[in-house]
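User: Please teach me how to read a protein model feature by feature, giving the general idea before each case.

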Amino acid sequence: MSNRGNCRDAKHAGAWYSASGAQLNAQLEGWLSHAHSSFRPARAIIAPHAGYTYCGACAAHAYKQVDPTVTRRVFILGPSHHVALSRCALSPAEIYKTPLYDLRIDQKVYAELGKTGMFDRMTQKTDLDEHSIEMHLPYTAKAMESRRDDFTIVPVLVGALSESKEQEYGRLFSKYLADPTNLFVISSDFCHWGQRFNYTYYDEAQGEIHRSIEHLDKTGMRIIESLDPMRFTNYLKKYRNTICGRHPIGVLLNAVAELRKIDIDMSFTFLNYAQSSECRTMDDSSVSYAAGALIVH
C-alpha cells in the first residue's frame, strides 16, 4: 500500500505516541482492555487528540465501541490548530502512514465532496503540521485491524465555521452518517484551562478549580448528549469553554438533527472523562478529555 500514491508520514510518531509498531500496539491493547464495548456499533465517536500519555486511556472508551464487522469507511473530522480556515479542507495525500499499517484515503468520497465546491485542499505542510487527525489514525488502525484491507478513511480538517456553515456541512454529511457502514470520528479535547490558554473561568461554588472545570465540561457534555446543536452553540457563547473541536462537534450535531427530522432515532452517551492535571491555583493549567459514542436505535 505504501509504495503507491502520495503518502503522509506519521509526523507526530516518536513524540506524541510511540513510533514502534509493537510498542504502540501493546499500549493500545492495554487501554482497550480496560474499556467496555457497551455501545457497539457506534455510528460516531468523540475522542481526544492529545499525546497518548495524557489521553490514550480516555480515548479507548470511545474506540471500544467501533465494530469493524460493519464499518467500511471512517470519516475523521479534526479542528484546524495552525492555519486560519473558514471552511473544511481535504488532504492532498492518498495514504496516511501509521506505525501499525498504512490507511487509504477514500478517493471516491473525496471526489464527491470536492464536487460540492465546499472544500479546500490542505497544503502538505498544513496536513503534516496538524495533529488533530493524525492522533486518531493509530487508534483507527487498531480498532479496524481485523478488516485492515477492507476499509478506507475520509480525513476532513474543519475550520472555524459559522453557525450557518456548521448547518450546511451537517446537512452534507448527514447522508453519510445515515449509512451504517460509515463511522464518524470527531476529534476534540475539552477545556484548555490556565493563563497559557487565556482561559481561567472559575466558579468558586464548585470547590477547587479542577472541580469547576469538570462541572463546566460536564455541563457541555450533557448538552452534547441532548443532540441539540443550538443549545451547544448557546453554551459556548455563554461560557466560552475552550473546546478545540467545537466546530467538528457542531457539524456532527447538525448532521444528527437532519436525520432526526426523518425519524432516525439516535442517542449519544459519554463514557469517560479525564483531566491532564488537577488545577488548584491560578498558576496551574490543564486540558480535559472526553470519550463518547453515538448509536442508532
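User: Let me start with a single residue: where is the place of Arg 222?

Analyst: Before the answer, please keep in mind that this is a predicted model, in which local features need pLDDT of at least 70, side-chain atom pairs count only at pLDDT 80 or more, and totals for chains, interfaces and linings use all residues. Residues are numbered from 1 along each chain as its sequence is written, and side-chain values use heavy atoms, with hydrogens and water left out. Helices (H or I, at least four residues) and strands (E, at least two) are DSSP runs, numbered from the N terminus. With that in hand, Arg 222 is placed in helix 7.

User: Is Arg 222 buried, exposed or partly exposed, and how is that decided?

Analyst: The class depends on relative accessible area: buried means under 20%, exposed over 50%, and partly exposed in between, using a 1.4 Å probe and protein chains only. Arg 222 has 48% relative accessibility and therefore counts as partly exposed. As for its place relative to another residue, Arg 222 and Glu 168 are 54 residues apart in sequence, and their C-alpha atoms are 24 Å apart in space.

User: How should I read the packing of helix 7 and helix 8?

Analyst: Two packed helices are described by the angle between their axes and the distance between the axes. The axes are lines fitted to C-alpha atoms, for helices over the stretch in contact, and the angles run from 0 to 180 degrees between N-to-C directions. Here the axes of helix 7 (residues 209-225) and helix 8 (residues 229-239) come within 9 Å and cross at roughly 160°, which makes the two helices roughly antiparallel. On this scale, angles under 35 degrees count as roughly parallel, over 145 as roughly antiparallel, 65 to 115 as roughly perpendicular and the rest as oblique. The crossing of helix 7 and helix 8 is right-handed; a crossing has that hand if the near helix is turned clockwise from the far one by less than a right angle, and is left-handed if anticlockwise.

User: Which residues of helix 7 and helix 8 meet?

Analyst: Contact means heavy atoms within 4.5 Å. From helix 7, the residues Leu 216, Asp 217, Thr 219, Gly 220, Ile 223 and Ile 224 meet Arg 231, Phe 232, Tyr 235 and Tyr 239 of helix 8. The residues of this contact divide into six nonpolar, two polar and two charged, where Ala, Val, Leu, Ile, Met, Phe, Trp, Tyr, Cys and Pro count as nonpolar, Asp, Glu, Lys and Arg as charged, and the others, Gly among them, as polar.

User: At what angle do the axes of helix 1 and helix 2 cross?

Analyst: The axes of helix 1 and helix 2 (residues 52-63) cross at roughly 55° and come within 8 Å, and the two helices are therefore oblique to each other. Helix 1 passes helix 2 in a right-handed crossing. The contact is made by Leu 24, Leu 28, Trp 31 and Leu 32 of helix 1, together with Tyr 52, Gly 56, Ala 57, Ala 60 and Tyr 63 of helix 2, and by class it has eight nonpolar, one polar and no charged residues.

User: How many aromatic pairs does the structure hold?

Analyst: Rings of Phe, Tyr and Trp (its six-membered ring) pair if their centres lie within 6.5 Å, and planes under 30 degrees apart count as stacked, over 60 as edge-to-face and the rest as tilted. The structure holds 16 aromatic pairs. One of them is the edge-to-face pair of Phe 119 and Tyr 169, with 5.5 Å from centre to centre and 75° between the planes. This pair links distant parts of the chain, 50 residues apart, with Phe 119 in strand 7 (residues 119-121) and Tyr 169 in helix 6 (residues 163-177), and both residues are buried. The rings of Phe 173 and Phe 184 have centres 5.9 Å apart and planes at 80°, so this pair is edge-to-face. Ring pairs link Phe 75, Phe 119, Tyr 169, Phe 173, Tyr 176 and Phe 184 into a cluster.

User: Which residues does a cis peptide bond join?

Analyst: Most residues other than glycine have a negative phi, and most peptide bonds are trans. In this model a cis peptide bond, with omega about -10°, joins Arg 40 and Pro 41, and Pro 41 lies in the loop between helix 1 (21-33) and strand 2 (44-47). A positive phi appears at Leu 227, where the value is near 60°; Leu 227 is found in the loop between helix 7 and helix 8, and is buried, with a relative accessible area of 5%.
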